[in-house]
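Dear colleague,

I am handing over the structure below, together with notes on what turned up when I went through it. Please read the notes with the coordinates open beside you.

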Amino acid sequence: MTAHQVISRVCLPVLLVGLILAAVNMRTPLVMLGSVAPMVATELGLTTTMIGLLGALPMPLFAFGALVSARLARRFGLHRMMIVMTLLLAMGVATRSWFGATVLFIGTLILSFAIGMLNALIAPFIKQHAAGHITVATGVFSLGMSAMAGVGAWAVVPLSEYWGWRVSMSFWAVFSLAAALIWWRFADKPTVADGAEFGTGYSVWQNHQAWHLAAFLGLQSLLFYSIASFLPAIVMSYGATLQQAVRLALVCQLMALPAIIGLTYLMRRGVSVRLLAIVGTSMNALAVAGLLFMPTQMLMWSVLMGLGCAMVFTLSLMMFSLKTTTAEMARDLSSMAQAIGYSIAFFGPFLLGWLYQWQGDWQLPLAVLLLLMLVNVGFAWTISQTKIDG
């Protein structure tokens, strides 16, 4: 047994706990905003377009964070950047709700940059410390993000009734502080050296499969953050109460549990990545079509969209590690694909909010979203199991 295998076996339970703690704030601070958007808008004087902009702002910061993550990890070390960005995330979550609209936007930018960095660093971190358990570790991380986003989107409303929306949105920072302590434990582990480089001449930006994966992730993220920003508003436009809308958002997020467990099982059984990608993207397209053409069946479409979103996102994360041969390659592929992907995703909440304000209903925004989801089914076809090794 190699030293790397010993380290992986000893640290895997601790790694999984750290991934779960980190996952709590990787989506929750952004998703919960949709649930309390009416309160925030009323108190701070925000328009629908401004709420849409607040939902869209994280995407360019995700993209920028992912873009610079590989360079910063090479310069300062993967583990140092994991610790620093987790602490920065905690600071953004804890402070953004307390000092008016300007600080709300600034705090969202800060925590979004930290999330963008961590999004890109998680895959090489997992490949370094759990090379033999990539599907399990990635599945746990993705499940933690989705499940806690659902819990947060639901819990923020009753918590706001007792504590106010500011406290209910900021106390989640304690989970990131705990995750940073876990990352500190891994900082001295003798695995693959921080800052190691590829062989000369390799650039993931020149690989067409990497671009397909980036587009695949980008359109998926565009859907997720659009729905996270506006699903309660869409449902309420068809007559649902706020409580009913929040419950549907919770159902959508909690569908990650069966989706990720099923995906992990099927991946370990050798089911084709292409088939799983097509199934997931087709679920997303069908769910958006349902919201557009059969809005009376909101529960069905929330379930289907929750399954599809969780499948496609988790599959994307897994492929950063599974399609590469070293932690350094995973680092650079993750950085490139998420930089491009979140640049695409930026236009989702902003575009949907603008179209709604222009049109006055959700028909045109949902039609545009459906077209994009059909395009992503095409990208799913191009996904293969071939290694990206330059």
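Trp205 has a relative accessibility of 36%, and therefore counts as partly exposed in this model, which is a predicted one, a point to keep in mind for everything that follows. The residue sits in the loop that runs between helix 8 (173-186) and helix 9 (208-237). Together with Phe64, Leu67 and Trp211, Trp205 makes a nonpolar patch on the surface, with an area of about 400 Å².

Turning to charged pairs, a search of the whole structure finds two salt bridges. In one of them the side chains of Arg74 and Asp332 meet, with an N to O distance of 3.4 Å. Because Arg74 belongs to helix 3 (residues 58-76) and Asp332 to helix 14 (residues 327-345), this pair ties together parts that are 258 residues apart in sequence. Asp332 also forms a salt bridge with Arg331, where the closest N and O atoms are 2.9 Å apart, and in this way Arg74, Arg331 and Asp332 are linked in a network of salt bridges. As for how far these residues are covered, Arg74 is partly exposed, with a relative accessible area of 27%, whereas Asp332 counts as buried at 14% relative accessibility, since the cut-off for that class is under 20%. Arg331, like Asp332, is buried.

The backbone around this network can be followed through Ala73, which has its place in helix 3 and counts as buried, at 1% relative accessibility. The C-alpha atom of Ala73 is separated by 8.6 Å from that of Arg331, although the two residues are 258 residues apart along the chain. A further pair that is distant in sequence is Leu322 and Ile134, whose C-alpha atoms are separated by 7.7 Å while 188 residues apart along the chain. Leu322 is found in helix 13 and is partly exposed, with a relative accessible area of 30%.

Which residues of helix 11 are buried? They are Ala256, Ala259, Ile260, Leu263, Thr264 and Met267. Seen down the axis of helix 11, these buried residues fall within an arc of 125 degrees, so they line one face of the helix. What covers them includes helix 6 (134-163), helix 10 (242-254), helix 12 (273-293) and helix 13 (298-322). The length of helix 11 is also as one would expect, because its 13 residues (256-268), at 1.5 Å a residue, should span 18 Å, and its end C-alpha atoms are indeed 18 Å apart. Helix 11 is followed by Gly270, which has a positive phi, near 85 degrees.

One last residue that I would point out is Asn376, which lies in helix 16 (residues 363-382). Asn376 is buried, with a relative accessible area of 1%, and, if one leaves aside its neighbours within four places in sequence, the residues in contact with Asn376 are Ala215, Phe216, Leu219, Gln220 and Thr281.

With best wishes

Key. Residues numbered from 1 in each chain as written. Predicted model: local features only at pLDDT ≥ 70, side-chain atom pairs only at ≥ 80, totals over all residues. Heavy atoms only, no water. Helix = DSSP H or I, 4+ residues; strand = E, 2+ residues; numbered from the N terminus. Expected span 1.5 Å × (residues − 1). Buried < 20%, exposed > 50% of the residue type's maximum accessible area, 1.4 Å probe, protein only. Arc of directions from axis to C-beta. Contact = heavy atoms within 4.5 Å. Patch = residues over 30% accessible without salt bridge, like charges linked within 9 Å, V, L, I, M, F, W, Y side chains within 5 Å. Areas by Shrake-Rupley, 256 points an atom, 1.4 Å probe, with all protein chains shown as cover. Salt bridge = Lys/Arg side-chain N within 4 Å of Asp/Glu carboxyl O.
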